[in-house]
Amino acid sequence: MSTILITGGTVVTASGTLDADVLVEGEKIAAVLARRPGLEVSITADRIIDATGKYVLPGGIDAHTHMEMPFGGTFSVDTFETGTRAAAWGGTTTIIDFAVQAKGTSLLATLDKWHAKADGNCAIDYGFHMIVSDVNDTTLKEMDACIAAGVNSFKMFMAYPGVFYATDGEILLAMQQAARSGATVMMHAENGIAIDQLVAQALAAGRTDPVHHGLTRPPELEGEATSRAITLAQVADCPLYIVHLSAAQALAAVAEARDTGQNVFAETCPQYLFLSLDDLARPDFEGSKFVCSPPLRPKEHQDSLWRGLRTNDLSVVSTDHCPFCFKDQKELGRGDFSKIPNGMPGVEHRMDLLHAGVVAGQLTLPRWVEVASTTPARMFGLYPRKGVIAAGSDADIVIYDPAARQTLSAATHHMNVDYSAYEGVEITGRVATTLSRGHVVIDDGTYQGSPGHGAFLARELNQYLL
Ligand SMILES: [Zn+2]
């Protein structure tokens, strides 16, 4: 078995930092060896990686991505191959993507379809959540078969009437079904019925620019839907995970439910921490680059979200990576913001942007690792295989240079999309080396991975449930 010794670095985990060397044997971490003055341990290895002055982190876990996702007659442009490669460049070693049930089709056939897209194409490991868009007796029965196949989180939508939208009754039925086995329901919480009325009013009045995507989806309607999802989950006694929480109103609802001990969890995304409605309002249709749902919010929501990350009412940061090119895709919505494909690129820069939050004093180093790796591992049944630097865990390791400087740009990023939402933004910190199960994927500015190295991860249940 080949061995790698990572020497001289500072190991950062969710529980703290440690000056330690890390020994990798084959695909696993064999030992974490604390360095102490006067204690000399000599270990030999096939390869030595010098991590002096750098952090040694468990690989990032992005629990919310959409590779090759069908939306509004087009597809998100990153394939599993290009998207997982870009993830590795940014220090993410696991993604959990969404298989999307189309109305009138079965969950298991959907899962097969998504396996076929990902199998043999991924640079890093991956799992799936299942989007349930057609609640009926067959679908409900198939949820158990999905769980047996390692997919035990089911996403539903209170938004997008006519597409993914589920009624409260359908949501309740799916939650009751999930609750029987302890599976988690993930919710896109926006009141889509009310939003559609606001969208129709705006278009009728000639308000067609991208900023109206944001103005017709007010934060109150995310707060309302979040509260309603929490109530339905309480009645069904089902674990609930609010995806891409963006608004202070929604965060307040989550915090209140968590204070009562209900199994309610939430994630936010870097775009809600760093970007705002001002970006949606950029002139010359540039705002379309920032169209995603829920929409970017007025700046004052950002402070609430950072606070929520510190208090653990927000426990995960995922990207909702769903890239559409500006040319030919975002442009479909010129003259009608409701036709702009919803989604933004982000899988490559989540770890960097959160590190910028550390540099700015918003998060501690251990909390950075916790929200980006350890908690998603536990939330989605991958711990301790993933999410920690410890003997026996997969050798998914990121060596991160906290002093490096980089400028984010479409000219240099590795995502298959023609713009960056952070064009020209300077960041302190950068990935030096990424290992996936003991294999070097990124090192010293070169990609050394291969499509097909990444393996499907059958996941256990949420590990936060009592
Ligand atoms: Zn999404």
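These legends describe close-up views of helix α2 and of strand β2 with its partners in a predicted model.

Residues are numbered from 1 along each chain as its sequence is written. In this predicted model, local features need pLDDT of at least 70, side-chain atom pairs count only at pLDDT 80 or more, and totals for chains, interfaces and linings use all residues, while side-chain values use heavy atoms and leave out hydrogens and water.

**View 1. Helix α2 and its ends.** Helix α2 covers residues 107-118 (helices are DSSP runs of H or I, at least four residues; strands are runs of E, at least two; both are numbered from the N terminus). Its end C-alpha atoms lie 17 Å apart, which agrees with the 16 Å expected for 12 residues at 1.5 Å a residue (1.5 Å times one less than the number of residues). At the start of α2, a side-chain oxygen of Ser106 comes within 3.4 Å of the backbone nitrogen of Leu108. Gly120, just after α2, has a positive phi of about 80°.

**View 2. The two sides of α2.** Leu107, Thr110, Leu111, Trp114, Lys117 and Ala118 are buried (under 20% relative accessible area; exposed is over 50%, partly exposed in between; 1.4 Å probe, protein chains only). Down the axis of α2, these buried residues fall within an arc of 120°, so they line one face of the helix (the arc of directions from the helix axis to the C-beta atoms). Asp112, Lys113 and Ala116 are exposed on the face turned away from the buried side.

**View 3. Strand β2 and its partners.** β2 (residues 10-13) runs antiparallel to β3 (residues 16-25), joined by four bridges (pairing requires at least two DSSP bridges between strands). The two strands form a hairpin with two residues between them. Thr13 stands opposite Gly16 in β3. β2 also pairs with β6 (residues 55-58) in the parallel sense, over two bridges. Val11 has Val56 of β6 as its bridge partner.

Methods:
Polar contact = N/O pair within 3.5 Å; in protein donor to acceptor, adjacent residues only side chain to side chain.
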